[in-house]
Amino acid sequence: MKQKPNLLFLLLLLFTESCIEPFTPPEITGARQYLVVDGFLNTSPNQESQFRLTRTQTIAETGQPMPESRARLFVEGDAGSRFTLSETANGLYILPPIAAKDNEKYRIHILTQDGNEYYSSYEPIIRTPAIDSLTYEVREDRSGVQININTHDPRNATRFYRWNFEETWQYYSDMYSPVEYINGAVVGRLQDISTCWSFAKSSRIVLGTSVKLSQDIIKDQPITYVAAATGKLKVKYSVLVRQYGLSQEEYEYWTTLAKTTEGTGTLFDPQPSQVRGNIMCVSDPSALVFGYFSASTQQEERLFVAESLGRYATSCAPVDTLSLGELAESFDKISEEYIPTGSTQTLYVMAFESCVDCRLRGGTTVRPPFWR
């Protein structure tokens with residue numbers, strides 16, 4: 001008798017689960033592909049401006065956003081100046097250096113292939129103050145390095161700041177390969193494949209403000225933390241930081257965007273909201289546009305870190321020892337050559353390609369021109 005309620009409960013649960021169907025609202029699966037504008041007017045001397053146009057994706061889509069190609073872009077001043085951008089790659093538009101005027105405001109004007117027309121508001125040029133210094137601090141347990149920035153505006157006119165950065169780090173292959181097998185002979189390598197450099201761009205939105213201070217000073221603003229476990233600090237690491245002055249409206253835009261893109265994940269995080277910039281579609285007011293057009297100078301500074309933090313976690317070891325005649329049938333790489341005691345035959349210690357070729361970890365053997 002005690003088993004009947006359990007049986008009825010199981011039957012009810014089975015019936016309930018059989019009635020569940022996936023819910024895919026049209027806002028998720030059938031969203032319009034809205035325009036995304038990423039870029040700003042760089043008014044620094046001899047600096048080009050870049051704008052990248054893409055389209056939004058639905059939650060179900062994966063891969064890179066679709067570029068918006070064959071659009072026509074113009075930067076226009078409220079005093080009548082007009083500059084045309086050229087598309088140099090799919091969705092990437094370039095404006096050569098221009099002689100912008102401090103007393104003129106500028107906007108972006110976009111004409112897309114679907115016939116829509118977009119304008120931003122006119123924005124004044126913001127003169128970004130110079131970076132005073134980039135500093136780093138090694139954690140006491142040597143588990144990583146904290147990168148900070150210092151800047152100030154003696155005019156007390158900037159107050160709102162944004163930074164992005166690019167990382168470069170040098171690393172070595174786990175095993176060294178001085179020679180290679182080519183056309184039946186062992187010859188010295190013409191290209192060193194044991195030393196590489198790798199690169200990464202920041203994906204975080206880093207903002208700062210001095211609005212609550214009597215002076216426009218930013219002191220020890222955190223830019224990024226580099227963990228030793230990443231392997232970036234083992235040999236030498238470099239970071240290039242770019243600084244931009246913002247208007248209060250643009251600062252609020254980036255703040256909202258940061259909360260939306262970086263702060264979601266739990267019930268207690270800020271929930272996603274619609275982030276609108278200062279660009280609108282005049283031909284179709286119902287079409288959303290994402291992005292913020294601004295005009296400013298750009299400041300940048302590079303920092304090198306050579307603390308030899310972290311260790312190589314490798315499972316690389318010799319996998320075989322071959323004679324010259326056996327090399328033709330091997331897919332491995334030579335890591336060492338030697339002549340055994342009492343023998344005249346040269347033997348070759350082999351290793352997996354991934355252990356001797358640093359390029360297989362995503363880097364390049366081309367030394368960056370800025371590398372010390």
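Is cysteine 355 buried or exposed? Select cysteine 355 and you will find a buried residue, with a relative accessible area of 4%. Keep in mind as you look around that this is a predicted model.

**Stop 1: the disulfide at cysteine 355**

Keep cysteine 355 selected and add cysteine 316. A disulfide joins the two, with an S to S distance of 2.1 Å. The torsion about their S-S bond is about -90°, so this disulfide is left-handed. Now colour the surroundings: cysteine 316 sits in the loop between strand S23 (298-305) and S24, while cysteine 355 belongs to helix H4. The pair links distant parts of the chain, 39 residues apart. Cysteine 316 is partly exposed, with a relative accessible area of 23%.

**Stop 2: the other disulfide**

How many disulfides does the count come to? The count is two, so select cysteine 196 and cysteine 358 next, which are joined with an S to S distance of 2.0 Å. Here the torsion about the S-S bond is about 70°, so the disulfide is right-handed. Cysteine 196 lies in strand S16 and cysteine 358 in the segment after H4, 162 residues apart. Both cysteine 196 and cysteine 358 are buried. Counting bonded cysteines along the chain, the disulfides follow the pattern 1-4, 2-3.

While you have cysteines on screen, click on cysteine 281 too. Its relative accessibility is 5%, so cysteine 281 counts as buried.

**Stop 3: a small sheet**

Show the cartoon and select strands S24 (320-323) and S25 (333-338), then add strand S26 (residues 347-351). Together they make an open sheet of three strands in the order S24-S26-S25, with antiparallel pairing. S24 and S25 stand at the edges with a single partner strand each, so one side of each has no neighbour in the sheet. On average, neighbouring strands of this sheet are turned by 35° against each other, direction ignored. Zoom in on S24 and S26: four bridges join this antiparallel pair. For one place to look, find aspartate 320, which stands opposite methionine 350 in S26.

**Stop 4: aromatic rings**

Now switch on the side chains. The count of aromatic pairs comes to 10. Begin with phenylalanine 40 and tyrosine 244: their ring centres are 5.0 Å apart and their planes stand at 75°, so the pair is edge-to-face. Phenylalanine 40 is in the loop between strand S1 (35-39) and strand S2 (41-42), and tyrosine 244 is in strand S19 (residues 236-246), 204 residues apart. Phenylalanine 40 and tyrosine 244 are both buried.

Next, select tryptophan 197 and tryptophan 371. Their ring centres are 6.3 Å apart with planes at 75°, so this pair is edge-to-face. Tryptophan 197 lies in strand S16 (residues 195-201) and tryptophan 371 in the segment after helix H4 (353-356), so the pair ties together parts that are 174 residues apart in sequence. Tryptophan 197 is buried at a relative accessible area of 5%, and tryptophan 371 is buried at 7%. Add Phe304 and Phe370 to your selection, and you have a cluster linked by ring pairs: Trp197, Phe304, Phe370 and Trp371.

**Stop 5: charges over rings**

Which residue lies over the face of phenylalanine 370? Select arginine 302 to see: arginine 302 lies over that face, at 3.5 Å from the ring centre. Finish at tryptophan 169, where lysine 232 lies over the face of the ring, at 4.7 Å from its centre.

How values were computed:
Residues numbered from 1 in each chain as written. Predicted model: local features only at pLDDT ≥ 70, side-chain atom pairs only at ≥ 80, totals over all residues. Heavy atoms only, no water. Pairing = 2+ DSSP bridges. Helix = DSSP H or I, 4+ residues; strand = E, 2+ residues; numbered from the N terminus. Axes fitted to C-alpha atoms, helices over the stretch in contact; angles between N-to-C directions. Phe/Tyr/Trp six-rings, centres within 6.5 Å; stacked < 30°, edge-to-face > 60°. Buried < 20%, exposed > 50% of the residue type's maximum accessible area, 1.4 Å probe, protein only. Lys NZ or Arg CZ within 6 Å of the ring centre and 35° of its normal. Disulfide = S-S within 2.5 Å.
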